Amino acid sequence: MCEPLFLEPYFQEKIWGGDRLNTIFGYSIPSDHTGECWAISAHKHGASIVKNGPYKGESLAEVWQAHREVFGDAKGDVFPLLTKILDAKEDLSVQVHPDDAYAKEHEGELGKTECWYVLAADEGAYMYYGHHAQTKAELQNDIETKAWDKLLRKVPVKAGDFLYVPAGTIHAIGKGIMVLETQQSSDTTYRLYDFDRIDQKTGQKRELHLQQSIDVTTVPHQDPKLAITTTTEGAKTVTKFVDTDFFAVYKWQVKGTALFAKEAPYTLVSVIAGQGQLEVSGRTYELKKGVHFILPADVKSWTIAGDLTLIAATPGEKL
C-alpha cells in the first residue's frame with residue numbers, strides 16, 4: 001500500500017495524569033486525569049485504530065498480524081514499537097523496566113527500553129533519572145531503608161531536551177512535564193517508590209515490585225553517551241537523537257517544502273507542532289499537531305510542506 005496509515009490514539013487514565021492532552025493537543029480525553037496517549041500502538045493493552053485506506057477500522061495489531069508486507073515483511077510476533085505522549089500533572093512512580101531476557105522469562109513480553117523528547121516542562125521541573133548506589137547491596141539497603149533522597153538522581157529538564165532510558169534505568173517523569181515517548185512495545189513496569197500516595201479509586205497504595213526492581217536495575221548507573229547530530233538541507237533540519245538496536249529517533253523540522261527518502265522498512269511519525277501537508281504518490285494529506293501516522297514499506301519517498309516539527313522513529317536491527 002503506497003499510502004500512510006493514519007492512527008486514532010488510545011488513552012489511559014492515570015493517578016498522575018492531567019488535562020493537557022486536551023488543552024495542548026486537542027484530543028477528546030476520558031477525564032482530567034488522563035496521563036497517556038498511546039498514539040502508535042499495537043499493544044494488547046491499548047491498540048491504535050487505522051483511520052484511512054484499505055485497513056480503515058482495523059487495529060494496528062490486526063494489520064501487523066495479517067499484512068506483514070506493509071512493514072517490509074518484518075519478523076517478530078508483535079509490532080515492536082510504541083509511541084506515547086505522557087502528561088505528568090504529578091510525579092510518576094519511580095520505576096525501572098526489564099530487558100528482553102528478563103521480561104520474556106518473567107512477563108512473557110518484550111523488555112522496555114525507551115526515550116523521551118520533552119514537549120513541555122514547568123519552570124524548575126526535573127526527571128528522576130538514575131541512582132547513586134555503587135553496588136547491588138547498597139541499592140537494596142537504600143530501598144529497604146527508604147533513603148530516596150540519597151539514592152535517586154534528579155535531572156533538570158526543559159522543552160526540547162532528549163533523554164534515552166535503557167532497560168535497567170531507574171526513572172520517573174516529574175511533575176509538570178509532558179513528553180513524547182518512543183519505546184519497545186511493552187507494558188511491564190516495576191514500581192520502586194510511589195511517594196506513599198493513595199489511589200482514590202481503590203483507597204489503597206499502589207503495588208510495589210521491590211525484588212524485581214532490584215533484580216533488573218543496572219548498578220552502577222551510567223549515563224548513555226549519545227552522539228546527537230543535526231543536519232540542514234534546504235527546508236528541512238533533521239536531528240538524530242539516538243540509533244540503537246531497538247530504534248532510531250529523529251526530529252524533523254520543516255519550514256517550506258522538504259523531500260524525504262525511505263531509510264528503514266517503515267517509519268513512525270508524530271506531528272508535535274505546526275501544520276502543513278504530507279504528499280505521497282501524488283496524494284496530499286493534511287498534517288497538524290497531534291496527528292500520528294506510519295509510512296509503510298511501499299512508500300519510498302514523501303514530501304512534507306508547511307511549518308512543522310515532527311518526531312520520527314524507525315525500528316532497530318534487533319527488531
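How many bridges pair β3 and β5, and in which sense? Let us work through this and a few related exercises on the predicted model above.

Residues are numbered from 1 along each chain as its sequence is written. In this predicted model local features need pLDDT of at least 70, side-chain atom pairs count only at pLDDT 80 or more, totals for chains, interfaces and linings use all residues, and side-chain values use heavy atoms, with hydrogens and water left out.

**Exercise 1. Place β5 among its partners.**

Step 1. Strands are DSSP runs (E, at least two residues; helices are H or I, at least four), numbered from the N terminus. Two strands pair if DSSP finds at least two bridges between them.

Step 2. To answer the opening question, β3 and β5 pair over four bridges in the antiparallel sense. One contact to look at is cysteine 37, whose bridge partner in β5 is isoleucine 85.

Step 3. Now turn to β12: eight bridges join β5 to this strand, again running antiparallel. Here isoleucine 85 stands opposite leucine 180.

Step 4. Check the burial of β5 (residues 81-88), where eight of its eight residues are buried; buried means under 20% relative accessible area, exposed over 50%, and partly exposed in between, with a 1.4 Å probe and protein chains only. Leu81, Thr83, Ile85 and Asp87 cover one side, and Leu82, Lys84, Leu86 and Ala88 the other.

**Exercise 2. Draw the whole sheet and find its edges.**

Step 1. Write the order of the six strands: β2-β3-β5-β12-β7-β10, an open sheet with antiparallel pairing.

Step 2. Look at the ends. β2 (10-18) and β10 (162-165) each have a single partner strand, so one side of each is left without a neighbour in the sheet.

Step 3. Inspect the β2 edge: five bridges join β2 to β3 (residues 34-40), and the two run antiparallel. Glutamate 13 stands opposite threonine 34 in β3.

**Exercise 3. Classify two aromatic pairs.**

Step 1. Rings of Phe, Tyr and Trp (its six-membered ring) pair if their centres lie within 6.5 Å; planes under 30 degrees apart are stacked, over 60 edge-to-face, and the rest tilted. The structure holds 20 such pairs.

Step 2. Take phenylalanine 6 and tyrosine 285: with 5.6 Å centre to centre and 40° between the planes, the pair is tilted. This pair links strand β1 (residues 5-8) to strand β20 (residues 283-288), 279 residues apart. Phenylalanine 6 is buried at 10% relative accessible area, and tyrosine 285 is buried at 9%.

Step 3. Next, tyrosine 128 and phenylalanine 195 have ring centres 5.9 Å apart and planes at 50°, so they are tilted. Tyrosine 128 lies in β8 (residues 126-131) and phenylalanine 195 in the loop between β13 (190-193) and β14 (198-199), 67 residues apart. Tyrosine 128 is buried at 7%, whereas phenylalanine 195 is partly exposed at 25%.

Step 4. Widen the view: Tyr128 and Phe195 belong to one aromatic cluster with Tyr126, Trp148 and Tyr193.

**Exercise 4. Find the charges over rings.**

Step 1. A charge sits over a ring if NZ of Lys or CZ of Arg is within 6 Å of the ring centre and within 35 degrees of the ring normal.

Step 2. Lysine 236 lies over the face of phenylalanine 260, at 4.4 Å from the ring centre.

Step 3. The charged end of lysine 289 sits over the ring of phenylalanine 25, 5.8 Å from its centre.
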